[in-house]
Amino acid sequence: MKNGADVWQSARSFRRYRELELIHARWALLGALGIVTPELLSKYASVPFGEPVWFKAGAQIFQEGGLNYLGNESLVHAQSIIATLAFQVVVMGLAEAYRSNGGPLGEGLDPLYPGEAFDPLGLADDPDTFAELKVKEIKNGRLAMFSCFGFFVQAIVTGKGPIENLTEHLADPASTNAFAFATKFTPQ
């Protein structure tokens, strides 16, 4: 039988794991969108990107002239990987410290679902709808985490972006599938 301290600790751990899962789910939702969007825009909307494939895009910083975010030199013109990395670590560290220490939420608001200013469309006004949206967010976030893992594996195995892989598979599903690549990794 557990004593009171064990129960309190497990409830505290559960809240912490719930918070971590939700934050990772939200990042994965953004990541999955960021992985496919440049490739889709480049392929179907003819938006010029230096390199639309997500795992190759960062290498542009090592080219002559550096990396222009969104292809626009006036937005962010990154020329040094050290400066870019330092800037991102500082900015993300400050944002995460701000979030974990309460941030702009004010008193009495849920840190995971703050509402008010963070809900400009009023989606959380109805408690039943809000409960349903919470479930949808975590389910879609879990799916996004799994899809990001699939994008990583697919990039390692094929060396291509997800949209290019999907297009090739739809054009010839019988020969462009996981089994075709699985044979490349058998012992000889």
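Biologist: What is the relative accessible area of Glu-168?
Modeller: This is a predicted model, in which local features need pLDDT of at least 70 and side-chain atom pairs count only at pLDDT 80 or more, while totals for chains, interfaces and linings use all residues. Residues are numbered from 1 along each chain as its sequence is written, and side-chain values use heavy atoms, leaving out hydrogens and water. Buried means under 20% relative accessible area, exposed over 50%, and partly exposed in between (1.4 Å probe, protein chains only). Glu-168 counts as partly exposed, for its relative accessible area is 26%.

Biologist: With which residue does Glu-168 form a salt bridge?
Modeller: A salt bridge requires a side-chain nitrogen of Lys or Arg within 4 Å of a carboxyl oxygen of Asp or Glu. The partner is partly exposed, at 25% relative accessibility. The closest N and O atoms of the pair are 2.9 Å apart, and the residue that joins Glu-168 is Lys-160.

Biologist: How many salt bridges does the structure hold?
Modeller: Side chains of opposite charge can pair when their charged atoms come close. One such pair is Lys-136 with Glu-132, at 3.1 Å from N to O. In the structure, the number of salt bridges is five.

Biologist: How many residues apart in sequence are the parts that Glu-21 and Arg-142 tie together?
Modeller: The side chains of Glu-21 and Arg-142 meet in a salt bridge, at 2.6 Å from N to O. Glu-21 lies in helix H1 (residues 4-44) and Arg-142 in helix H3 (residues 127-158), so the parts tied together are separated in sequence by 121 residues. Glu-21 is partly exposed at 28%, and Arg-142 is partly exposed at 43%. The separation asked for is therefore 121 residues.

Biologist: In which helix do Lys-136 and Glu-132 both lie?
Modeller: Helices (H or I, at least four residues) and strands (E, at least two) are DSSP runs numbered from the N terminus. Lys-136 is partly exposed, with a relative accessible area of 42%, and Glu-132 is partly exposed with 44%. These two residues are four residues apart, about one turn of the helix, and that helix is H3.

Biologist: At what angle are the ring planes of Trp-54 and Phe-55?
Modeller: Rings of Phe, Tyr and Trp (its six-membered ring) pair if their centres lie within 6.5 Å; planes under 30 degrees apart count as stacked, over 60 as edge-to-face and the rest as tilted. The whole structure contains two aromatic pairs. The centres of Trp-54 and Phe-55 are 5.5 Å apart, and the pair is edge-to-face because the planes stand at 80 degrees.

Biologist: Which residue forms one aromatic cluster with Trp-54 and Phe-55?
Modeller: The rings of Trp-54 and Phe-152 have centres 5.5 Å apart and planes at 50 degrees, so this pair is tilted. Trp-54 lies in the loop between H1 and strand E1 (67-68) and Phe-152 in helix H3, so parts 98 residues apart in sequence are tied together. The cluster of Trp-54 and Phe-55 is completed by Phe-152.

Biologist: What accessible area do Phe-146, Phe-149, Phe-152 and Val-153 have together?
Modeller: Patches join residues with over 30% relative accessible area and no salt bridge: like charges within 9 Å, nonpolar side chains (Val, Leu, Ile, Met, Phe, Trp, Tyr) within 5 Å. Areas come from the Shrake-Rupley method with a 1.4 Å probe, and for residues only the protein chains shown count as cover. Phe-149, in helix H3, is exposed at 51%. The four residues form a nonpolar patch on the surface, and their accessible area together is about 430 Å².
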